[in-house]
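Here are my notes for your first look at this one. Keep the viewer open and check each point as you read.

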Amino acid sequence: MSDTAAARDDNPAGEKHSELLDCCGGLNNVDYSKMDLTLMEGLLKHTNFHDSSFCVAVVAIIFNPFFWNVVARWEHRTRTLSSLFGSPYLACYCMGFAIILLNVYRSHCVTVAMKAQARWDVMDRTDVFYAGVALIVLGTVLVVGSFLALGFTGTFLGDYFGILMDEKVTGFPFNITENPMYWGSTANYLGLALIGASPVGLVLTAIVAVAYKLAIQFEGPFTELIYQERSQRRKHE
């Protein structure tokens, strides 16, 4: 029997094989008209983007990582703060306390913005409340665990002041996420938004996450460069 006849026997009805879907078309194959955007529409509807407290909170969220990255890189390049305070440790401690105060003010601004805007009935449920509590517990564990693992200078950019750690920290919570301080803080803000049934809190949490993500993109490679420079100096010694 010829190959052609064998093929006809395998498909006696003469049915055509269905064409394979283009699995590599990505989002081009998504029918956006069938997406349920009810929750997103409700979130935007219950958020007043022109409220002054919301705008202040957004500025505080964006300013904080911008401030400590700019100042820390300036210190790494010039050692001005270390010279001014007479010690890189004292300069780092002052920088750390400034960051703590800025973060306290940011949290205050977020809380004020949440209280200034209406709660959302969709979020005002017991299960959502307890999910928020769980997130705050998780976030606090990540933040505190990160601080204990790194110490004060390790947490507050001591690398930029020339205070380098002997080796990379890989224990808890860094074995869970590479940036536990940032994502723990984000979890705290998300938990606070869920507990308060606050749609504006969700929006501000998203802005916090984006701000931290951008900060990581700047800090990660630069910190690696600092330690690479130390390794090169040790090779030449």
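1. Let's begin with a residue in a loop. Met165 sits in the loop between helix 6 (126-155) and helix 7. Bear in mind as you look that this is a predicted model. Is Met165 buried, exposed or something in between? Its relative accessible area is 23%, so Met165 counts as partly exposed; the buried class stops at under 20%.

2. Now look at what Met165 touches. If you skip the neighbours within four places in sequence, Met165 is in contact with Ala149, Leu150, Tyr227 and Arg230. Take Tyr227 from that list: it is 62 residues from Met165 along the chain, yet the two C-alpha atoms are separated by 9.1 Å.

3. Time to zoom out. The protein has eight helices and zero strands, so if you read the elements from the N terminus you get α-α-α-α-α-α-α-α. Of its 237 residues, 35% count as buried. Contacts across long stretches of chain matter for your picture here: among contacts with a separation of 6 or more, 84% are between residues 24 or more positions apart.

4. Next, the inside. How many residues does the largest nonpolar core have? The number is 41, and the residues with the most contacts inside this core are Trp68, Met95, Val110, Leu157, Tyr160, Phe161 and Leu204. Helix 3 (52-78), helix 5, helix 6, helix 7 and helix 8 (199-236) each supply at least two residues of this core. Helix 8 gives the most, with 10 residues.

5. Pick Phe161 out of that core and follow its contacts. Not counting residues up to four places away in sequence, Phe161 touches Glu75, Arg79, Leu81, Ser82, Pro88, Ala91, Cys92, Met95 and Phe156. One of these, Arg79, is in the loop between helix 3 and helix 4 (80-85). Arg79 has a phi near 60°, which is a positive value in a residue other than glycine. With a relative accessible area of 29%, Arg79 is partly exposed.

6. On to the helix pairs, starting with helix 3 and helix 5. Their axes come within 8 Å and cross at roughly 165°. That angle makes helix 3 roughly antiparallel to helix 5, as angles over 145 degrees fall in that class. The crossing is left-handed. Among the residues that meet here are Phe63, Phe67 and Trp68 in helix 3, and Met95, Leu102 and Val110 in helix 5. The residues of this contact divide into 19 nonpolar, three polar and one charged.

7. Helix 6 and helix 7 are the next pair. Their axes come within 7 Å, with a crossing angle of roughly 155°. The two helices are therefore roughly antiparallel to each other, and helix 6 passes helix 7 in a left-handed crossing. The residues of this contact split into 16 nonpolar, nine polar and no charged.

8. How do helix 5 (residues 88-116) and helix 7 (residues 180-195) cross? Their axes come within 11 Å at roughly 20°. That makes helix 5 roughly parallel to helix 7, and the crossing is right-handed. Asn103, Arg106, Ser107, Val110, Thr111 and Met114 in helix 5 meet Ser185, Tyr189, Leu192 and Ala193 in helix 7. By type, these residues divide into five nonpolar, four polar and one charged.

9. Stay in that contact for a moment and find Ser107, in helix 5. Ser107 is partly exposed, with a relative accessible area of 29%. Its C-alpha atom and that of Tyr189 are separated by 8.3 Å, although the two residues are 82 apart along the chain.

10. Finish with two backbone details in loops. Which peptide bond is cis? Check the one from Phe172 to Pro173, where omega is near 0°; Pro173 is in the loop between helix 6 and helix 7. Then move to Ala197, in the loop between helix 7 and helix 8. Phi of Ala197 is near 50°, a positive value in a residue other than glycine. Ala197 counts as buried because its relative accessibility is 0%.

Notes
Residues numbered from 1 in each chain as written. Predicted model: local features only at pLDDT ≥ 70, side-chain atom pairs only at ≥ 80, totals over all residues. Heavy atoms only, no water. Axes fitted to C-alpha atoms, helices over the stretch in contact; angles between N-to-C directions. Helix = DSSP H or I, 4+ residues; strand = E, 2+ residues; numbered from the N terminus. Parallel < 35°, antiparallel > 145°, perpendicular 65-115°, else oblique. Left-handed = near helix turned anticlockwise from the far one by under 90°. Contact = heavy atoms within 4.5 Å. Nonpolar A, V, L, I, M, F, W, Y, C, P; charged D, E, K, R; others polar. Buried < 20%, exposed > 50% of the residue type's maximum accessible area, 1.4 Å probe, protein only. Core = buried A, V, L, I, M, F, W, Y, C linked by side-chain atoms within 4.5 Å.
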